[in-house]
Number of protein chains: 2
Amino acid sequence: MTPAINADRLWQSIMDMARIGSTPEGGSCRLALSPEDTEARALLLDWCRPLNLRFEQDAIGNMFLRREGNDDAAPAIAFGSHLDTVPTGGRFDGVFGVLAGLEVIHTLAESGVRTRSALELVNWTNEEGSRFRPAMMGSRVHAADLPLEDALAITDDEGISVREALLAAGQCGGLTPSPRGWACWLEAHIEQGPVLEATGADIGIVTGTVHARYFQLVVTGEPSHVGPTTMDRRRDSLAAAAEIILAVERIALGAEPGGRASASWIENYPNARGNVANITRLHCDVRHERAECAAAMDQELRDAIAAIAARRGVLVAIDPYATFGPVAFDPVLGALLRDKAGARQLVTRDLIAAAGHDSVLIAPLCPSAMLFVPSVGGITHNPREYSTRQHVARGAEVMLEAVLALAG
Amino acid sequence: MTPAINADRLWQSIMDMARIGSTPEGGSCRLALSPEDTEARALLLDWCRPLNLRFEQDAIGNMFLRREGNDDAAPAIAFGSHLDTVPTGGRFDGVFGVLAGLEVIHTLAESGVRTRSALELVNWTNEEGSRFRPAMMGSRVHAADLPLEDALAITDDEGISVREALLAAGQCGGLTPSPRGWACWLEAHIEQGPVLEATGADIGIVTGTVHARYFQLVVTGEPSHVGPTTMDRRRDSLAAAAEIILAVERIALGAEPGGRASASWIENYPNARGNVANITRLHCDVRHERAECAAAMDQELRDAIAAIAARRGVLVAIDPYATFGPVAFDPVLGALLRDKAGARQLVTRDLIAAAGHDSVLIAPLCPSAMLFVPSVGGITHNPREYSTRQHVARGAEVMLEAVLALAG
């Protein structure tokens, strides 16, 4: 009989982790490689200590916690997620996947179950990309999607590089980032959307992800005075950026239900109250379940920008600096998750993930799969992000069953 | 015969002052009470030293440089402007008025002319309002439009207060800010608009200013994820702010030629690439030659904001934190400037100032007037801001004539 996970311990670990970087609104803020992220990593190591895991860390700060199996020749079964959050983060995004993985190992240790294959619990560095772009940075470097040296040179909005942040946080490990020959990869995560709750499903089987394209834009106009400068002589970069923001939104509305687009980050210069702005930077993204639709949204955005730039006499430089997906996760692993959930009388539903996840980067390296648990109200990246004790316990149970089936 | 100003010396002083905080594009950046502003103030004092002026400074940092007259009982004739600039400042805005005033005193000293009334050259603190809002802060405090203690507590975007900045810059003078019993006030300034150049005028006689209203807005939405959050469930504060920015622009277009409106400053939170923004702050202003039209623009803006907020489910807090004008300058002083320009065969044109100036605050205290010199291309708050050597020399000549006529 399969040992049972300890739902109380899992829940308590999520609540304890949430206290690191806790915000007045009830969420958590642990930007990648911040003191809070570093403290969260230390707490994870503390929890792992009694479990006799071997800790390894690579040069981008990814953490690997290995439980040896009976067969040294068998490739490891790997699972995990990330502990960093967005500035308005909740308590579950990423954290659930890491701590569900820890609970799986904890349960096996407690029950004295030793698997044939080794198990590896992973905490990826900077999944969110809030402080350092691009998102999924640690898994990108691991998968050679982003060269280590390029990643280390990336700076945050304060000019601090990833290299400096890793050193300051003491998170610069000795391993060269590279694939570790895993048999397969599993990631448990909250849905971050409303579908599971709305359809009464307990477990989402993530069959794949959308295709997303990220853009950094620089709008350049001409400085002038807010008073005497007549409207026809202005080349207002902020007004042009405002039009672009609304164009992004319009493109998204035209691409639903499979598509989304967002403009979420802005920096304005001189950002002075007496001055028509002349340089405005924007970040936006477009994403769609179908790659060709995302490409069409990309083209729509470029066309809209060209029209706005021409009409307003501003320049817009477009840097399409990163993409992810589309990814189709391994159908055999998906079927295993579906079966294990079904055997427990849990209702499953197949889903496409609209957000990026580290699994997107791992999928080309080894068979990979994700499971989702419901997000109450579909609310996420928000202090009110919530999944119930039962939601997360069921997710961890299915993970345990799947890991046992895979690891033998 | 009137002594003649030294056009070369005036021009050279403007160029020398522009080197303080000079920018690669050829402009100047001297934010109020920054090290550059402080250095500019020190240079002005250096230049005044041989002229035996009495220097006084008040607690908001306004500088008064007094040349005594023959009649101690006669109230002083005051003139000047400001040395601070916007971040993308040019070489002439404000600087011209201070250095034209200095050139007037220099010319009188050199010619051995002693006037009956004393003369006071003034450099007002923080006219631009780029670092600390509101604009015209020094003259506002002088005129009791803004209480000193309130002004001292105002902070810049880094949280540094005016009080701290004054102390750090060594610009906290001993005088309590208050009106100084001047006989009248004159300010020479660049036009910052295209009218004088376009109409072939040499000197603008500023008959008054527009009425302007400044607003600080806070848009509050709801944080969410840029990926899974469907468009209908977003309460995106940045998209709402973008609509407000375009509403401001639309209101301005409907109010021309007498009106303008601008949104020039923005701050976005969490300003993270994975997050739909939930707090966006905006600064905007509306202004019109006719006060009732500015009031109508104000109402239009509020109506537009209410509609945007209701449709998008966001909250918008409106802080109408300051206004200026409308002001009608003294017609007798205006006629004097017109006559003196005409006597030199200069073409004059009457104008309404669309920007705020310290003179707006001084006008209620004593008869006040402004003269403008042409701005090439109407370009201002821009490194390319330019007035020719002849433009500024003619402006200073008319100032000298007017000062002599007034000071006896």
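Author: In this predicted model, an axis is a line fitted to C-alpha atoms, for a helix over the stretch in contact, and the angle between two elements runs from 0 to 180 degrees between their N-to-C directions. With that convention, α8(A) and α9(A) pack at an angle of about 150°, and their axes are 10 Å apart.

Reader: Why are α8(A) and α9(A) called roughly antiparallel?

Author: Angles over 145 degrees count as roughly antiparallel. The angle between α8(A) and α9(A) is about 150°, and therefore α8(A) is roughly antiparallel to α9(A). The crossing of these two helices is right-handed.

Reader: Which residues of α8(A) and α9(A) meet?

Author: On the α8(A) side they are Ala240(A), Glu243(A), Ile244(A), Ala247(A), Val248(A), Ile251(A) and Ala255(A). Their partners in α9(A) are Cys293(A), Met297(A), Glu300(A), Leu301(A), Ala304(A), Ile305(A), Ile308(A) and Arg312(A). Sorted by class, this contact has 12 nonpolar, no polar and 3 charged residues.

Reader: What makes a residue of this contact count as charged?

Author: Asp, Glu, Lys and Arg are the residue types of the charged class. Glu243(A), Glu300(A) and Arg312(A) belong to the contact, and by their type they are charged.

Reader: How is the corresponding helix pair of chain B arranged?

Author: The axes of α8(B), residues 237-255, and α9(B), residues 291-312, come within 10 Å and cross at roughly 150°. With the limit set at 145 degrees, α8(B) and α9(B) are therefore roughly antiparallel to each other. Their crossing is right-handed. Among the residues that make the contact are Ile244(B) and Val248(B) of α8(B) and Leu301(B) and Ile305(B) of α9(B). The contact has 12 nonpolar, no polar and 3 charged residues.

Reader: Why are α1(B) and α3(B) called oblique?

Author: The axes of α1(B), residues 7-18, and α3(B), residues 95-111, come within 10 Å and cross at roughly 140°. Roughly antiparallel requires an angle over 145 degrees, and roughly perpendicular covers 65 to 115. The value of roughly 140° falls in neither range, and α1(B) and α3(B) are therefore oblique to each other. The crossing of α1(B) and α3(B) is right-handed.

Reader: Which residues make the contact of α1(B) with α3(B)?

Author: α1(B) brings Arg9(B), Leu10(B), Ser13(B), Ile14(B) and Met17(B). α3(B) brings Val95(B), Phe96(B), Leu99(B), Ala100(B), Leu102(B), Glu103(B) and His106(B). These residues divide into 8 nonpolar, 2 polar and 2 charged.

Reader: What makes β9 and β12 of chain A edge strands?

Author: The open sheet of chain A has 4 strands in the order β9-β11-β7-β12, with antiparallel pairing. β9 (259-269) and β12 (315-324) each pair on one side only, and they are the edge strands. Neighbouring strands of this sheet are turned by 15° against each other on average, direction ignored.

Reader: How do you know that β9(A) and β11(A) pair?

Author: Two strands pair if there are at least two bridges between them. β9(A) and β11(A), residues 279-288, have 10 bridges in the antiparallel sense, and the criterion of at least two is met. Gly259(A) stands opposite His288(A) in β11(A). Helix α9(A) packs on the sheet, touching β7 (211-220), β9, β11 and β12 of chain A, and its direction makes about 155° with that of β11(A).

Reader: How do you know that β7(B) and β12(B) pair?

Author: The open sheet of chain B also has 4 strands, in the order β9-β11-β7-β12, and its pairing is antiparallel. Within it, β7(B), residues 211-220, and β12(B) share 8 bridges in the antiparallel sense, which satisfies the requirement of at least two. Tyr214(B) stands opposite Ala322(B) in β12(B). Helix α9(B) lies across β7, β9, β11 and β12 of chain B, running at about 155° to β11(B).

Reader: Where do the domains of chain A lie in the sequence?

Author: The domain assignment gives domain 1 as 7-209 + 326-407 and domain 2 as 211-324. Their centres, taken over C-alpha atoms, are separated by 33 Å. The contact between them takes 7 residues from domain 1 and 10 residues from domain 2.

Reader: Which element gives the largest share of the side of chain A that touches chain B?

Author: The contact between the chains takes 57 residues from chain A and 57 residues from chain B. α8(A) gives the largest share of the chain A side, with 9 residues. By class, that side has 24 nonpolar, 22 polar and 11 charged residues.

Terms used:
Residues are numbered from 1 along each chain as its sequence is written. Chains are lettered from A and ligands numbered from 1 in the order in which they are written. This is a predicted model: local features need pLDDT of at least 70, side-chain atom pairs count only at pLDDT 80 or more; totals for chains, interfaces and linings use all residues. Angles under 35 degrees count as roughly parallel, over 145 as roughly antiparallel, 65 to 115 as roughly perpendicular and the rest as oblique. A crossing is left-handed if the near helix is turned anticlockwise from the far one by less than a right angle, and right-handed if clockwise. Two residues are in contact if their C-beta atoms, placed from the backbone, lie within 7 Å. Domain bounds come from an automatic or database domain assignment.
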